[in-house]
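I sat down with this model today and kept short notes on what I looked up. Here they are, in the order I took them.

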Amino acid sequence: MDGYVVAHSRPKAFFPVFERKPGDHEHTHYCPGCGHGIIHKLIANAIDELGIQDRSILVSPVGCSVFAYHYFDTGNVQAAHGRAAAVATAAKRACPESIVIGYQGDGDLAAIGTAEIVHAANRGEPFTVFFVNNAIYGMTGGQMAPTTPLETRSTTTPYGRSVENDGYPLRIAEMLATLDAPVYIERVALGNNKQIMAASRAVKQAIENQVKGLGFSLVEILSPCPTVWKLPPVEAQRRVREDLTRVFPLGVYRDRTKEAEPRRPRPVAPPLENVPEILGIRAKNGNGKAPAPARPMDYRIRVGGFGGQGVLLLGEILAEAGMDAGLEVSWLPSYGPEMRSGTSNCHVRLCSDAVDSPVVSRPNVVMALNEPSLRKFLPLLETGGMLFYNGKEVPADCRRPDVDVVAAPFQEMAHELGDVRAGNMILLGAFLAHTGAVAVESVVATLRRMVKDENLFELDRKALYAYAQTR
């Protein structure tokens with residue numbers, strides 16, 4: 001090939017083969033005339049020119065943008081709908097030397113993802129975002145997007161978008177430019193070759209800002225969607241060039257790259273084993289670690305009752321005390337919208353090994369402070385498990401000979417102590433008395449930390465010992 005110069009070629013940042021379906025390596029996921037392919041090429045070229053392929057992480061959520069991981073031979077993370085900015089924040093903080101790139105559409109970033117992008121920009125998170133704005137929900141059937149222009153027809157605005165019913169189209173670049181933290185925000189378009197060349201410059205600038213260690217950069221890209229717009233590709237480009245740019249004027253909305261200083265590195269995180277002590281949730285012993293549990297343990301507990309019976313507090317105190325005792329624990333609350341007098345329950349794990357899931361679907365312990373919770377959770381209790389029930393006896397149609405049952409009127413006992421609200425602590429005391437899972441003294445220490453009112457603390461302390469004193 002002497003005398004020839006290769007002017008265009010596949011960027012190294014792309015995979016050599018685009019795997020869509022077995023045997024189909026010639027067609028991309030994108031429709032003819034779609035702007036995603038152009039944007040992909042611009043980003044891949046910039047990655048090549050900056051020499052950052054091995055450092056790059058692309059974050060793409062739901063929508064047409066989700067297919068990006070089929071094309072970019074970089075690190076790739078798929079995020080939930082609208083959550084790319086939140087995931088990119090985590091990726092950049094966990095791997096600060098990486099170049100993290102968010103890739104989002106308008107039905108994603110400007111709709112369900114608005115809070116994430118606003119707060120990421122407001123914090124000045126040092127990553128780069130490419131916002132593909134084609135003013136429609138492309139993948140899901142052509143519904144109105146937050147950026148759909150007024151009077152535009154869509155499947156959800158068959159008579160055209162109206163101010164009275166649908167509000168105005170969101171102008172993301174202008175909105176984010178009002179914040180203090182962003183370093184660089186520009187809107188570009190793909191309406192013709194001249195606009196594409198300008199977009200190429202902006203894409204590289206936004207990524208290069210991150211390479212230099214500067215803050216948040218976003219490029220909004222007006223892009224054609226011929227299929228959903230129901231236009232030939234050439235006409236779709238004309239619409240970008242002549243129509244969308246009237247609603248979304250092109251230009252640089254923020255550029256502090258010349259005066260912006262590289263962001264200071266974040267403080268080094270403390271060793272993981274020191275975090276419980278720093279948070280005040282585990283006391284040191286001689287070697288700085290919580291004591292190891294004396295025996296293998298795996299309690300999978302469901303606690304249920306009415307709102308106001310202290311169901312969630314019972315579970316939280318048990319989990320906190322278990323953590324103080326050196327166990328692996330989790331606590332997951334669940335309650336209905338009614339709150340007080342409605343139903344509530346929580347999942348608690350107390351394990352000598354790592355907790356594999358906080359969700360307890362097959363408990364080996366059920367604590368039921370009311371009959372509805374008994375009937376709900378008893379069928380889930382595994383054979384050989386333990387049932388603690390707030391009543392003198394279990395209803396006849398709920399009796400199971402294959403489980404151990406502890407039935408006592410815990411709330412009546414609490415009433416005798418002076419306050420029916422302490423029934424949850426009497427039930428907890430019964431669990432401790434029958435299992436020895438955690439020392440009562442550890443639970444008292446946890447109560448001391450969590451219950452600030454002196455009278456309530458003393459009531460709960462007495463309640464913990466009340467059941468044992470009746471045996």
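**Entry 1: a strand pair.** I began with Arg187 and found it opposite Glu220 in β6. The model is predicted, so I kept that in mind throughout. I then looked up the strands around this spot: β5 (residues 184-189) and β6 (residues 217-222) run parallel and are joined over six bridges. A reminder to myself: strands in a sheet pair through backbone hydrogen bonds, parallel or antiparallel.

**Entry 2: the whole sheet.** In what order do the seven strands of the open sheet come? I read off β2-β1-β3-β4-β6-β5-β7, and the pairing is mixed. I also asked why one side of β2 and of β7 is left without a neighbour in the sheet. β2 (75-78) and β7 (251-255) are at the edges and have a single partner strand each, so one side of each lacks a neighbour there. On average, neighbouring strands in this sheet are turned by 15° against each other, direction ignored.

**Entry 3: helices on the sheet.** I followed helix α1 (residues 35-50) and saw that it lies across β1 (56-60), β3 (99-105), β4 (128-133) and β6. Its direction is at about 170° to β3. Helix α2 (residues 84-94) also packs on the sheet, where it touches β1, β2 and β3, and it makes about 175° with the direction of β3.

**Entry 4: Arg93.** I stayed with helix α2, since Arg93 has its place there. Is Arg93 buried or exposed? Neither, quite: its relative accessibility is 42%, so I noted it as partly exposed. Setting aside residues up to four places away in sequence, Arg93 touches Arg123, Glu125 and Arg266. I checked Glu125 further: it is 32 residues from Arg93 in sequence, with 8.9 Å between the C-alpha atoms.

**Entry 5: a nonpolar patch.** On the surface I found a nonpolar patch formed by Leu150, Val163 and Tyr168, with about 270 Å² of accessible area together. Leu150 sits in the loop between β4 and α5 (163-166). With 33% relative accessibility, Leu150 counts as partly exposed.

**Entry 6: Ser357.** My last stop was the loop between β10 (343-351) and β11 (365-368), where Ser357 is found. Ser357 has 26% relative accessibility, so it counts as partly exposed. Which residues does Ser357 contact, leaving aside neighbours within four places in sequence? I found Ser330 and Arg349. I also looked up Glu151: it is 206 residues from Ser357 along the chain, and their C-alpha atoms are separated by 50 Å.

Key:
Residues are numbered from 1 along each chain as its sequence is written. This is a predicted model: local features need pLDDT of at least 70, side-chain atom pairs count only at pLDDT 80 or more; totals for chains, interfaces and linings use all residues. Side-chain values use heavy atoms; hydrogens and water are left out. Two strands pair if DSSP finds at least two bridges between them. Helices (H or I, at least four residues) and strands (E, at least two) are DSSP runs, numbered from the N terminus. Axes are lines fitted to C-alpha atoms, for helices over the stretch in contact, and angles run from 0 to 180 degrees between N-to-C directions. Contact means heavy atoms within 4.5 Å. Patches are made of residues with over 30% relative accessible area and no salt bridge: like charges are joined within 9 Å, nonpolar side chains (Val, Leu, Ile, Met, Phe, Trp, Tyr) within 5 Å. Accessible areas come from the Shrake-Rupley method with a 1.4 Å probe; for residues, only the protein chains shown count as cover. A salt bridge is a side-chain nitrogen of Lys or Arg within 4 Å of a carboxyl oxygen of Asp or Glu. Buried means under 20% relative accessible area, exposed over 50%, partly exposed in between (1.4 Å probe, protein chains only).
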